[in-house]
Amino acid sequence: MAEFLSEATIKERLDAGVPIVEFDHVSMRFDANEVLRSVSFKVAHGETRVILGPAGVGKSVLMKLANGLLMPDSGEVRVLGRSLNEMNESEMFAMRAHVGMVFQESALFDSINVEDNVAYRLEEEHVPPAEIHARVVEALQFVELEKAIAKFPPELSGGMRRRVSIARAIVSRPQLILYDSPTGGLDPITSTTIIELVVKQRDVSHTTSLLITHRLQDAFTLATHHFDQQTGHMEPIPDGGIDPGTKFLVINEGRVVFDGTTQELVRSDDPWLKAYLS
Ligand SMILES: Nc1ncnc2c1ncn2[C@@H]1O[C@H](COP(=O)(O)OP(=O)(O)OP(=O)(O)O)[C@@H](O)[C@H]1O
Ligand SMILES: [Mg+2]
């Protein structure tokens, strides 16, 4: 199999501060529909980047560009410094082994059980079968769903399906997790349990992530909470603290209208942004 980057090169680039993902003047259109217009931003190692914006502005398209499921019309997407434009299919496949994706609609296979749904990426990567089972159990334990290992997706609630989808994204121990609207369609309480998993992944495994959400509540929960290893739960950061690694990207009408920290976001004077956040 072709290689994306050797483990040594990945480590070297992480140490040198090369962004995990970088969009460099990326534009994307579907026929006359100009979806993204010269979008540029960087996501540093360890960062959680929350992507906000109205429905249909191109958030999912942006995420698909980040792992090469779509290619830009112009500009460049780089993952760990490597341009996706210049990769062939097999290098792209190798790159995706480092990226876990939680799709907007969970996208599980209904006809195979939870274990096989979580395992299939590892099978594609030819991980030895004995190791696969242990890794699947570990990922399901992380999302607190090990009891459902033999169930089929149609037997699960929406929140449980989302958990399986997260287990599938983390099972390959990726460098980057892409969460597309992980709380979409869930009730507020279930949504909070999913955000708790994202916070746990961020604070325990320190995996870089991009997360799309329509719920401002999710965004602010992410910014103001941390995972407490002692209690095993998400707790508010004491004294009104803000997680420094959680940053925001707001997209509207194909353009980046905000790129910065939580504090900068809430203090912004931009009239559109203030209206959107209120
Ligand atoms: N494969 C495709 N072919 C044609 N048009 C597409 C394709 N994928 C997305 N689009 C268009 O691109 C635009 C942005 O879609 P996208 O799914 O990224 O929106 P979004 O911001 O994720 O919306 P939502 O918040 O509803 O999930 C829409 O106008 C959509 O119709
Ligand atoms: Mg979307």
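In this predicted model, Val79 stands opposite Arg82, a residue of strand 5. Strand 4, which covers residues 74-79, pairs with strand 5 in the antiparallel sense, and two bridges join them. Both belong to an open sheet of four strands, arranged in the order 2-1-4-5 with antiparallel pairing. Strand 2 and strand 5 (82-83) are the edges of this sheet; each has a single partner strand, so one side of each is left without a neighbour in the sheet.

At the other end of that order, strand 1 (residues 21-30) and strand 2 form an antiparallel pair over seven bridges. Within this pair, Val26 has Val39 of strand 2 as its bridge partner. The hairpin of strand 1 and strand 2 has two residues between the strands, and Asp31 takes a positive phi near 50° there.

**The six-stranded sheet**

A further open sheet holds six strands in the order 6-7-8-3-11-12, and its pairing is mixed. Its edges are strand 6 (99-102) and strand 12 (255-261); because each has a single partner strand, one side of each is left without a neighbour in the sheet. On average, neighbouring strands of this sheet are turned by 15° against each other, direction ignored.

The mixed character of the sheet can be followed through two of its pairs. Strand 7 (residues 176-180) runs parallel to strand 8 (residues 208-212), and five bridges join the two. Leu178 has Leu210 in strand 8 as its bridge partner. Strand 11 and strand 12, by contrast, pair in the antiparallel sense over six bridges, and here Val250 stands opposite Phe258 in strand 12. The hairpin of strand 11 and strand 12 has two residues between the strands, with Glu253 taking a positive phi near 45°.

Two helices lie across strands of this sheet. Helix 6 (residues 158-170) lies across strand 6 and strand 7, and runs at about 170° to strand 6. Helix 7 (residues 188-205) lies across strand 3 (48-52), strand 7, strand 8 and strand 11 (246-252); its direction is at about 165° to strand 7.

**The surroundings of ligand 1**

The residues around ligand 1 are Phe30, Asn33, Val35, Ala55, Gly56, Val57, Gly58, Lys59, Ser60, Val61, Gln104 and His214. By class, this shell has five nonpolar, six polar and one charged residues. Three residues come from helix 2, the largest share of the shell. Polar contacts to ligand 1 include those in the table.

| Residue | Protein atom | Ligand 1 atom | Distance |
|---|---|---|---|
| Asn33 | polar side-chain atom | oxygen | 3.0 Å |
| Val61 | polar backbone atom | oxygen | 2.9 Å |
| His214 | polar side-chain atom | oxygen | 2.6 Å |

Taken alone, ligand 1 exposes 640 Å², of which the protein buries 61%. Which elements give two or more residues to the shell around ligand 1? They are strand 2 (33-43) and helix 2 (59-66). Strand 2 thus links two parts of this description: it stands at an edge of the four-stranded sheet, and it also gives residues to the shell around ligand 1.

Definitions and conventions:
Residues are numbered from 1 along each chain as its sequence is written. Chains are lettered from A and ligands numbered from 1 in the order in which they are written. This is a predicted model: local features need pLDDT of at least 70, side-chain atom pairs count only at pLDDT 80 or more; totals for chains, interfaces and linings use all residues. Side-chain values use heavy atoms; hydrogens and water are left out. Two strands pair if DSSP finds at least two bridges between them. Axes are lines fitted to C-alpha atoms, for helices over the stretch in contact, and angles run from 0 to 180 degrees between N-to-C directions. Contact means heavy atoms within 4.5 Å. A residue is near a molecule or strand if one of its heavy atoms lies within 4 Å of it. A polar contact is a pair of N or O atoms within 3.5 Å; within protein, one must be able to donate a hydrogen and the other to accept it, and residues adjacent in sequence count only if both atoms are side-chain atoms. Accessible areas come from the Shrake-Rupley method with a 1.4 Å probe; for residues, only the protein chains shown count as cover. Ala, Val, Leu, Ile, Met, Phe, Trp, Tyr, Cys and Pro count as nonpolar, Asp, Glu, Lys and Arg as charged, and the others, Gly among them, as polar.
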